[in-house]
Amino acid sequence: MKKITRRKFIKISAAGTAGLAMSSVLLDVTPKLSDLLDKTPAKESEVERTPTYCEVCFWKCAGWVYKNKKGQIQKIVGNDLDPNSNGRLCPRGTGGVGFYYDNDRLKKPLLRVTDKKGEQKFKEVTWDEALDYVAEKLTYIKDNYGPEKIALFTHGSSGKFWSHMLKSIGSVSVAAPSYAQCRGPREVAFIATFGSGVSSPEPTDIENSKCLVLIGSHIGENMHNGQVQEMSKMIENGGTIITVDPRFSTAASKSKYWLPIKPATDMALLLAWIHIIINEELYDKDYIERYAYGFEQLKAHVQKYTPEWAAKETELDINLIKKAAYEMAKASPAVIIHPGRHVTWYGDDTQRLRSVAILNALLGSWGRRGGFYIPAKAKVAQFPHKEFPQPKKTWKDILGQKYKLAGLALSSGICDATIPDDTGQMGYRAWIVNGTNLIQTLPNMDNTLKAIEALDLLVVSDIYPSEITGYADVILPECSYLERWDMPRITQHRYPTVALRMPAAEPRFDSKPGWWIAKEIGRRMNLESCYNFDDITELIDWQLKKLGTSLEEMKKIGVKVLERQDSLYIQPGEDFFFNTNTGKIELYSTELAAEGFDPMPVYTKHKQPDSGFYRLIYGRAPMHTFSRTQNNPNLNDLMDENNVWINPKVAKIHGLKNGQEIWLKNQDGKITDFPVKVRITERIRHDSVYIVHGFGHTSKKLTRAYAKGASDSVLISNVKYDPIMGGTGMRENFVTFLTEKPQKEEAKS
Ligand SMILES: Nc1nc2c(c(=O)[nH]1)N[C@H]1C(S)=C(S)[C@@H](COP(=O)(O)OP(=O)(O)OC[C@H]3O[C@@H](n4cnc5c(=O)[nH]c(N)nc54)[C@H](O)[C@@H]3O)O[C@H]1N2
Ligand SMILES: Nc1nc2c(c(=O)[nH]1)N[C@H]1C(S)=C(S)[C@@H](COP(=O)(O)OP(=O)(O)OC[C@H]3O[C@@H](n4cnc5c(=O)[nH]c(N)nc54)[C@H](O)[C@@H]3O)O[C@H]1N2
Ligand code: SF4
Ligand SMILES: [Mo]
């Protein structure tokens, strides 16, 4: 019964409300946040449980996998000891069982049999054949072109083993789209300001906060579990939410103030808020005096950014701008201007996030109760191994002088550097891709395909026949997280924690765990530093013992919360050191100045849509993760396609009806592969349209997800690079509507 109710709730949030005016009726139909999370007790028939942590997204909630008397996996529930989940899972985590049972999964290693990449002709081979092939090719590239020509793209737990293998070859080009396409600008901006990044889970003390400001962060649809729970608690305690979003998101429906901002103008709002907080002396004076550097420069800098100016620029009511600022000031220091997570929007993202960091600093929220706590993380001991060879060139050398403050290898940068230059030189010749569907994940698909076309070798390890596997030379089927060991989860939180994942069942088909695949390739390449253990449980037990526990204990408890020595917050009057050049919170960034960038954020205007075009914005749905869950039978059952949100005025101009199937075409003539249904709603501004990312799969082998809905990735052909760290701004793409099925040639252009 409970399941049906929850599902109903979720459906309402995703598909209901079409055509309704912005009214109290509308407020009622978005779900209560706590109803989105599952807490189902085990039944007596479920006899055995094994610990895991979830891999459906990267919040990594710890849970228990329950099996019945026949040894069949029944369900996954949250582990009560885990601070990431507090014993509850989101719909995706609960639905994770579907990965195990999905018969569309990759079953055997596959080798491409034609010369043409992307022509889906493969033959099944044995693991020995596949691994020998990969080892031989990688050795050839390493010996003839240099190990630095090999790059790894990875997202997910088994990435650790692949990364170890790559370093053993002598390359450090390990890129994750969760940096350059996600949170990179946020990390760079917060490091420049506080000397410390935000990382994951974000150390936002939401449950103790009095005011939470969400700028585009659509918590509730963005289902990062602990964060949703804390926000729900905060609302129950009477805290204030302020949401800035061109769309009436679930979070907006829980907000005291919703600011329906004109997209791409957020920095104007942030600078005006800074102006108000400084000019009306609402900032935390003691905190700023004690800890901050550059206050006078900042004060002078923001004088021109008046609320009147910002109101025009953002199309927001000036009173709303001011009221929101006063609300934040009233709550200070128990206030959070949320740093967001997917922040690669318009190319000046590091600077926008600097404005967010500065505003938090002025309100004294960094290191304070109800603001940002100081996170703690267990120190991980590295299993002894032979030293890695010294790389002759790193990704920084290969990418050149661009993007000086990039903290990690850039997936998009590696992709660009792979495309041969005028002289035929290539920065990279081989890619290993583990758990990232680059076709849907990287912006500018033509570019990705051009790079892939040029490669000597593309190895893909995945659990599904996702789009990227179609271009591989070799496909290595990994088993799902429910069927494998991984290294223990050691992430930051209020207290250091460690969580165990162990197999709940034998791998289905002929799939294998990532640790084994990477180790076997290393062994075949005679890489001495590549693993000196026989079985991964040796390594896990060794690491756990270093942390004061053991495999035996962790199998019983799943999660262990360790002690911390230091304090959760900065103590009153404490002499706190910030890891910046000045040792202080840098309102004026000496690091950005030294690198030739604006030391304080400067507002720049962004392109707005031409007549008849609308800005494409995209986001998450509570029951799906990126492009990885659409074929999962349980999650597909909850939502099997996306739709395009269109404002009623716009629908009228274009004569569109609710539920009508249309195609989207962007400024460069890119057209979605499949039709998508119209959802007419007041919940989106007139200058934008919205779709949920991850749909519109073109891989026919994903039998449930194929041809369902539209892919935003097809339409993101224009990329605004962040000059500071190379993040890929993806929201300067504009679309119009086609009501007739486009010609095939046109669709492919
Ligand atoms: N269910 C679910 N949850 C997830 C994920 C998932 O795949 N599924 N993925 C996780 C990951 S890795 C990430 S990075 C996060 C991403 O989630 P967030 O970091 O919260 O979100 P964004 O994708 O940056 O922003 C989406 C929101 O921004 C709004 N928006 C669009 N343009 C603008 C603008 O110009 N200004 C403002 N103020 N708002 C704008 C959109 O309307 C939408 O509501 O979600 C995490 N949580
Ligand atoms: N257009 C567009 N692009 C985006 C975003 C967007 O909103 N819109 N969001 C950006 C953000 S915030 C992020 S973090 C990235 C995320 O980008 P990715 O991590 O690339 O996300 P997915 O598209 O889900 O691709 C994951 C792939 O891993 C496979 N997989 C799942 N589980 C496993 C496993 O256990 N082992 C292995 N080996 N493979 C597995 C899946 O089948 C799938 O092919 O995308 C970014 N790119
Ligand atoms: S938030 Fe949901 S999908 Fe993500 S790890 Fe937790 S339960 Fe899994
Ligand atoms: Mo992300």
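Here are some questions and answers about this predicted model.

Me: Which residues surround ligand 3, and what is the make-up of that shell by class: how many are nonpolar, polar and charged?
Reply: Happy to start there! The residues around ligand 3 are Cys 54, Val 56, Cys 57, Trp 59, Lys 60, Cys 61, Leu 89, Cys 90, Arg 92, Gly 93, Met 223 and Asn 225. Sorted by class, that shell comes to eight nonpolar, two polar and two charged residues.

Me: Which cavity is the space taken by ligand 3?
Reply: Cys 54 and Asn 225 are among the residues around this ligand. As for the space that ligand 3 takes, it is the largest cavity.

Me: What is the strand order of the open sheet of four strands, and why is one side of β10 and of β12 left without a neighbour?
Reply: The pairing in this sheet is parallel. Strands β10 (257-259) and β12 (335-337) are at the edges with a single partner strand each, so one side of each has no neighbour in the sheet. From one strand to the next, the twist averages 10°. The order asked for is β10-β9-β8-β12.

Me: Which residue in β12 is the bridge partner of Val 213?
Reply: Strand β8 covers residues 211-215, and three bridges join it to β12. These two strands run parallel. In β12, the partner of Val 213 is Ile 337.

Me: Which strands does helix α14 touch, and what angle does its direction make with that of β10?
Reply: Two helices are worth a look here. Helix α10 (residues 266-279) packs on the four-stranded sheet, touching β8, β9 (240-244), β10 and β12, and its direction makes about 150° with that of β8. Helix α14 (residues 318-331) also packs on the sheet and touches β8, β9, β10 and β12. Its angle with the direction of β10 is about 130°.

Me: Where does Pro 333 lie, and what is omega for the cis peptide bond that joins Ser 332 to it?
Reply: Take another cis peptide bond alongside it: Ser 200 and Pro 201 are joined with omega of about -15°, and Pro 201 sits in the loop between α7 (177-194) and β8. Pro 333 is found in the loop between α14 and β12. For the cis bond joining Ser 332 and Pro 333, omega is about 5°.

Me: What is the phi of Asn 86?
Reply: Asn 86 is in the loop between β3 (73-78) and α3 (91-94). Although this residue is not a glycine, its phi is positive, at about 45°.

Me: Which residue in β5 does Leu 111 stand opposite?
Reply: An open sheet of seven strands has mixed pairing and the order β5-β4-β15-β14-β13-β6-β7. Its edge strands, β5 (122-124) and β7 (174-175), each pair on one side only. Strand β4 (residues 110-112) pairs with β5 in the antiparallel sense over three bridges. Opposite Leu 111 in β5 stands Lys 123.

How values were computed:
Residues numbered from 1 in each chain as written. Chains lettered and ligands numbered in written order. Predicted model: local features only at pLDDT ≥ 70, side-chain atom pairs only at ≥ 80, totals over all residues. Heavy atoms only, no water. Near = heavy atom within 4 Å. 1 Å grid on protein atoms, 1.4 Å probe; cavity = no way out; pocket = protein on both sides within 12 Å on 5 of 7 lines; lining within 4 Å. Sits in = over half its atoms within 2 Å of the grid points. Nonpolar A, V, L, I, M, F, W, Y, C, P; charged D, E, K, R; others polar. Pairing = 2+ DSSP bridges. Axes fitted to C-alpha atoms, helices over the stretch in contact; angles between N-to-C directions. Contact = heavy atoms within 4.5 Å.
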